[in-house]
Structures are given as C-alpha cells and as structure tokens.
Amino acid sequence: MKEKKTFYIQTFGCQMNVNDSERVAGLLQSRGLQAAQAAADADFVFLNTCAVREKAAAKFRHSLGRLRRLKSERPGLRIGVGGCVAQLEGEALLERAKHVDVLVGTHTLHRVPDLIEEAGATGKVAVDLDRKADAFAIPEAVVAHGNPVRAFVTAMEGCNHVCSFCVVPRTRGPEVNRPPDDIVREVRAVVARGFTEVMLLGQTVNAYRHGDVDFAGLLALVDGIEGLRRLRFTTSHPEHVGPRMADALRELPRVCPYLHLPFQSGSDRVLASMRRGYTRQQYLDTIALLRDRVVGLALSTDVIVGYPGETEAEFEETLRVLEGVGFDGLFAFTYSPRPGTAALRLPDDVPEEEKRRRLHVVNAHQQQWQRRRHEACIGRVEEVLVESVDGEGRVSGRTPHFRIVHLDGSPALVGHAVTVEITGAGPNALRGRLAQPIH
Ligand code: SAM
C-alpha cells in the first residue's frame, strides 16, 4: 500500500495566522495528507508568514533558507509560502527563492491543495495572490484546531484603520465582516465538535458590524449558543469600545472578564503621529468606563517603544500609563519600520540599543506588577479550564480572566473545567491545587 503523503506547517505571528494554519492543516488532512512532526519528515512544507515586524519576516527568511538545503537533498519536497509576507512581496519573493513551489496570499489559503497538485503537474510555481478571493472559503468541519478546548473563529478579516506603523491593512486588505449567521453556525459546529471555549478573531474585532448587528449584538448572538462555556475575542481597538460593548462584557454570562486593548503609546504626540485615533486621556477614559461597568475586568495591552522621534519624556508617558492602569498582561515591541507604511517616511532615529533599553524597562516594570497582582490571587478559588499537559502528572489551564494556572493532575483533566485553589504565584502564572471537579 502506498504511504500517505505528509505535510508540515510553520506558523509565524498572531492568532489570525495560527487559525489560518489550522485551516490549511485541516484542508490538507481532508485531502488525505498526514501531519509530520518536522519539516525534515514532510513531503510538503508550508511557511505561514507574518510581516508585522522585521524580526518575524527575518525568521521566515531563515526558515526558507534552511528549506533550500533540504530541497537540494530531497528534490521531491514541495515548499509553499503563504500569508502576510507572501501577500506583501508577491511574486518578487520568488526571485530570491527559486525553491518555492506554491505561493498564496492571505485570502487564498483554501487553494493550497489544488496549487500543490498544479505545481506537481506543471513543474512550475503555482501562484494565487487574489485579494478578492473568499477568505472564509475553508469549511469549519475540516479545521484542525490546535488547542483541545479553545477554537478560534474568525469574525472579520482585514482592517480599515490607518495606523502609521502597521502593515496589516496592506497585507490583509480592508475590513470584511462575516454575516452573523455564518459566525453563529461556525460556533455551533465547533461546540458540536467538543470545544467549550471560542475566541472570535479580527484585527479590530470590536469594529465588527454587519447590517444591524454590531459587535455587542454579535457577542449576544454567540453567547446564546447552548454548550458554549466561555467566549473571548481579540484584538479590540480603543476607538470602538463604548457602553454597549462594556455592558455586553458585564451582562453576557459566557463572555469572559478579559479584554486585550492595545494603547501603543502614552504620548499624545506619538499617538497622533501613529494615527491611532485617540489621546492618552481618551484611552484612560475608556478604561475607566470599562472598569466602572465590569467589576474585576482583566486587561492586557500592546505598546511600541522607540517609535520615530520618541523622546525619553514621551517614553516615560507610556510608563506612566502602564503604572496608572496596572495591566494584567503586556506585549511590548520595539518599533520596526515596515514597507509601505506611513511611518517609513519618518527617520527611525531611536538607536536600537535605546529601543532595547526602553523595552527592558517596560517589561521589568510589568513583571514586577504582575507578580504582585498574582500574589493577591493566592487563597482564591478559581474555575480553570484545563487545556494542556505540562509534564508527568502536571496540567495547566486558564481562569476566566485568562490567567494561566499550573496544577497537579492527570491528562484526563484536559477539556474539563475544574475548581482550583490558588496556592502560589509568579509573574507569568499561578499555581493551584484541585479543589473539586465542576463536571
Ligand atoms: N490590529 C491590532 C491593533 O490595531 O491594535 C493589533 C495587530 S498587530 C499584529 C499586534 C501588535 O504589534 C500591535 O498592537 C503593535 O503593538 C505591534 N506592531 C504592529 N506594527 C508594528 C511595528 N511596525 N513595529 C513594532 N510593533 C508593531
């Protein structure tokens, strides 16, 4: 009997890309291919790329270079490149990478299996970078979700914002909101497959609008789905947070009390140059509104340090916002000039070493704060949805506030919601003891 062909996917970047890879993996499996553990064992290797920062793009180029060597040893190997770098660079990418067989953009991932066949049949590169293609063409039934409890469901693609630093509108195009019925159908389908948590995805997910249904309306529709235990979403943009969204966070029982809300900078001059559409005070007012309506809301954020022209005083304004708000999580980045963005015209004048120092300062502050925040959780009893096995007799999961909890337990706990007494705390996670299974 002929052995099944195998594939391996390497993913760079955000949850959107992770979800895209889950779709491609599922599609390939539905066509009879089998997942391999490593690129070296695969007949087809797919690199799903991220263009948001130069570091991610550089990691991709490094992986692509390694595949060149692998292909010279094994000429039958097929190589695919997809996602944001592919969309951004287009066929120019092929000039430098003659070993690539398949090139797809952000909207044409569903074509991967056909393009592998086409490349095999013609011996030429098979390319589809059509931006107007249906980005939602891969059916939920085949998606190979990587997490045993949490399924990603895309609510909207693309972005209509014009942030000066951000390449996403160029790679993923303008906003496309999925009809709410499609989203509800997909959530029902993932729940029927046994997933109890759903994370709705979109670059600015809370800008969602389809006909009369706004984001709060969408949350209400999904929240009503029988069998769903937890509902999350990411990423939200401060400009689209209002009382209706805050009330949805408070009132809808399955919506978790956690929000990721990037502020990027605490300096009004920098925010204006970034074209973020809000001032520091407006951001802080939004946080106040949320905290007023949603008691105990956990918040995380993104910041960029070393944006063009950022002075020490402006950087300190970012630090002040971090200190003032007390976020539960922080993703901090050094500014990275990206092709085709408005900020590219500004001098990238904060020296790399200084960017790294600022990054270290915000991260060190955050780690200290998170440790204190987590220590205050000791003694509490939390619901933990167990999602992974850490090692022999050890598992971990998340609280509704998205805090990671490690505990002793058997792999049989994965997929279960359990009550856990918090017994220890570090900056990045809690430690707990099983109190009693919830179900
Ligand atoms: N769409 C979301 C938003 O508008 O907030 C976030 C998308 S982006 C993939 C995630 C984070 O990467 C951003 O919030 C920002 O902090 C960071 N980022 C984006 N472009 C960057 C750049 N050129 N340099 C450094 N960080 C960047």
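**The ligand site, a helix pair and two loop residues**

An oxygen atom of the ligand lies 2.8 Å from an N or O atom in the side chain of Arg53, a polar contact in the sense of a pair of N or O atoms within 3.5 Å. The model is a predicted one, in which local features need pLDDT of at least 70 and side-chain atom pairs count only at pLDDT 80 or more, while totals for chains, interfaces and linings use all residues. Residues are numbered from 1 along each chain as its sequence is written, and side-chain values use heavy atoms, with hydrogens and water left out.

The backbone also takes part in the surroundings of the ligand: a nitrogen atom of the ligand is 2.7 Å from a backbone N or O atom of Ser336, and a backbone N or O atom of Phe165 lies 3.0 Å from a nitrogen atom of the ligand. Of the 570 Å² that the ligand exposes when taken alone, the protein buries 93%, with accessible areas computed by the Shrake-Rupley method with a 1.4 Å probe.

Around the ligand there are 15 residues, of which Arg53, Gln203, Gln264, Asp302 and Ser336 come nearest; a residue is near when one of its heavy atoms lies within 4 Å. By class, this shell holds six nonpolar, five polar and four charged residues. Strand E15 (298-305) and strand E16 (329-334) each supply at least two residues of the shell, strands being DSSP runs of E with at least two residues and helices runs of H or I with at least four.

Gln264 has a positive phi of about 70 degrees although it is not a glycine, and its place is the loop between strand E14 (258-260) and helix H10 (268-274). Another loop, between strand E13 (230-234) and helix H9 (243-251), contains Thr235, which is joined to Thr234 by a cis peptide bond with omega about 0 degrees.

Which residues make the contact between H1 and H5? Val24, Leu27 and Leu28 of H1 meet Val112, Pro113 and Ile116 of H5, where contact means heavy atoms within 4.5 Å.

Methods: Polar contact = N/O pair within 3.5 Å; in protein donor to acceptor, adjacent residues only side chain to side chain. Nonpolar A, V, L, I, M, F, W, Y, C, P; charged D, E, K, R; others polar.
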